[in-house]
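Subject: Model handover and findings

Hello,

Here is the structure you will be working with. Please open it alongside this email.

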Amino acid sequence: MRLNSADAVAAAVYGQPGSGARFDWGLAGAAELGRVCAVLVVVDVLSFTTAVEVAVARGMRVHPFPWGEQAAEYARRVGAVAAVGRRRTTPEQPWSLSPAALSRAPVVSDLVLPSPNGSAISAAASATGLPVVAACLRNARAVGRWLRQQGYGATDTPIGVVASGERWPDGSLRPAVEDQLGAACVLDAVSGVPGGLSVEAAMALAALASTPDVPAAVRGCVSGRELVEGGFAQDVEVAVQVGVSTVVPVLRQGVFTAA
């Protein structure tokens with residue numbers, strides 16, 4: 001379908017042109033930035049990208065996959081282990097979206113890690129052929145360094161940072177504090193790129209300046225409290241360890257491995 005002139009102008013504007021680092025939310029935002037950026041950074045602090053960092057740091061290859069029962073079948077096809085829901089782990093099946101559980105589980109070579117947000121976004125973004133990076137509070141600084149070392153961040157090699165967000169019961173996007181702060185940490189690490197920040201990226205970064213205690217904010221936000229009250233406080237504690245990792249998981253050919 002051919003766009004009319006007004007639609008074409010809008011489509012161009014949505015890509016935040018003229019900046020070296022750009023920011024958006026969710027699956028739709030990732031699709032928009034994926035059209036125009038040279039690399040995408042996906043942030044899902046509680047808990048997909050934190051779980052990816054933990055698993056990749058331990059030597060596992062992580063396959064993102066949208067949430068659903070088909071993950072087990074996909075894992076069988078690719079010769080991987082499929083992670084299960086946090087409450088479905090057993091001694092025989094200890095791999096889940098829980099970063100704390102993954103830090104203790106036996107290391108496997110390949111792990112399919114489904115989630116409705118960060119994993120679904122990563123799986124969709126991989127179809128663009130762009131490199132996709134998993135960032136969280138633990139490795140945001142390392143991700144920023146790697147992006148700059150690779151030459152990303154000019155207006156012709158822009159970085160797209162995507163805060164995954166959560167879901168309301170009707171399936172619509174719920175912007176999430178922890179993902180905005182995680183994205184802000186990445187944007188802070190690339191704020192000196194030649195192309196500068198888009199207005200959207202600069203506003204996302206501003207959240208960091210107004211948050212003197214990022215771990216406390218994540219513990220106290222809706223998503224953090226949900227996990228704590230559900231018995232998964234350890235997952236939050238793993239996720240709020242700011243800047244402790246140098247691991248940069250990059251998704252190429254459908255698999256996250258260390259850059």
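The notes below cover pockets, cysteines, cores, two buried residues and some backbone details.

First, the ground rules. This is a predicted model, in which local features need pLDDT of at least 70 and side-chain atom pairs count only at pLDDT 80 or more, while totals for chains, interfaces and linings use all residues. Residues are numbered from 1 along each chain as its sequence is written, and side-chain values use heavy atoms, with hydrogens and water left out.

Pockets

A pocket here is an open set of points on a 1 Å grid over the protein atoms alone, where a 1.4 Å probe fits, with protein on both sides within 12 Å along at least five of seven lines. Lining residues have an atom within 4 Å of a point. Grid points are joined across faces, edges and corners, and a volume is the space filled by probe spheres set on the points.

The largest pocket holds about 460 Å³ of space. Its lining has 19 residues, and R86, L97, E166, E226 and L227 are the closest to the centre. Two or more lining residues come from each of β8 (166–167) and α11 (222–229). Helices (H or I, at least four residues) and strands (E, at least two) are DSSP runs, numbered from the N terminus. The top contributor is α11, with 3 residues. By class, this lining has 6 nonpolar, 6 polar and 7 charged residues. Nonpolar covers Ala, Val, Leu, Ile, Met, Phe, Trp, Tyr, Cys and Pro; charged covers Asp, Glu, Lys and Arg; the others, Gly among them, are polar.

The second largest pocket has a volume of about 200 Å³. Its lining includes W67, E69, R88, Q93 and P114. The class split there is 7 nonpolar, 3 polar and 2 charged.

Cysteines

A disulfide is a covalent bond between the sulfur atoms of two cysteines. The cut-off used is a pair of cysteine sulfur atoms within 2.5 Å. The whole structure has 0 disulfides. C37 is in none, and the nearest cysteine sulfur, in C185, is 20 Å away. C136 has no partner either, because the closest cysteine sulfur, again in C185, lies 9.9 Å away, too far for a bond.

Both residues are buried: C37 has 6% relative accessibility and C136 has 0%. Buried means under 20% relative accessible area, exposed over 50%, and partly exposed in between (1.4 Å probe, protein chains only).

Cores

A nonpolar core is a set of buried Ala, Val, Leu, Ile, Met, Phe, Trp, Tyr and Cys residues joined through side-chain atoms within 4.5 Å. The largest has 43 residues, of which F23, V41, L147, I159, V161 and L187 touch the most other members. Helix α8 (residues 177–189) supplies the largest share of this core, 6 residues. A second, separate core has 32 residues, including C37, F48, I121 and A134.

Contact means heavy atoms within 4.5 Å. Outside its neighbours within four places in sequence, L187 is in contact with A21, F23, V161, L197, A201, A204 and L205.

Two buried residues

A21 sits in strand β1 (residues 21–25). The relative accessible area of A21 is 0%, so A21 is buried. With neighbours within four places set aside, A21 has contacts that include I159, L187, V190 and L197. A21 and G153 are 132 residues apart in sequence, yet 5.8 Å apart in space, C-alpha to C-alpha.

S164 is in the loop between β7 (159–163) and β8. At 2% relative accessible area, S164 is buried. Beyond four places in sequence, S164 touches residues including W25, D44, N117 and D179.

Backbone details

L46 and S47 are joined by a cis peptide bond, with omega about 20 degrees. S47 falls in the loop between β2 (39–43) and α3 (48–57).

Q16 is not a glycine but has a positive phi of about 55 degrees. Q16 lies in the loop between α1 (5–14) and β1, and is buried at 7% relative accessible area. Q253, also not a glycine, has a positive phi of about 55 degrees. Q253 lies in the loop between β10 (249–252) and β11 (255–258). Q253 is exposed, with a relative accessible area of 84%.

Best regards
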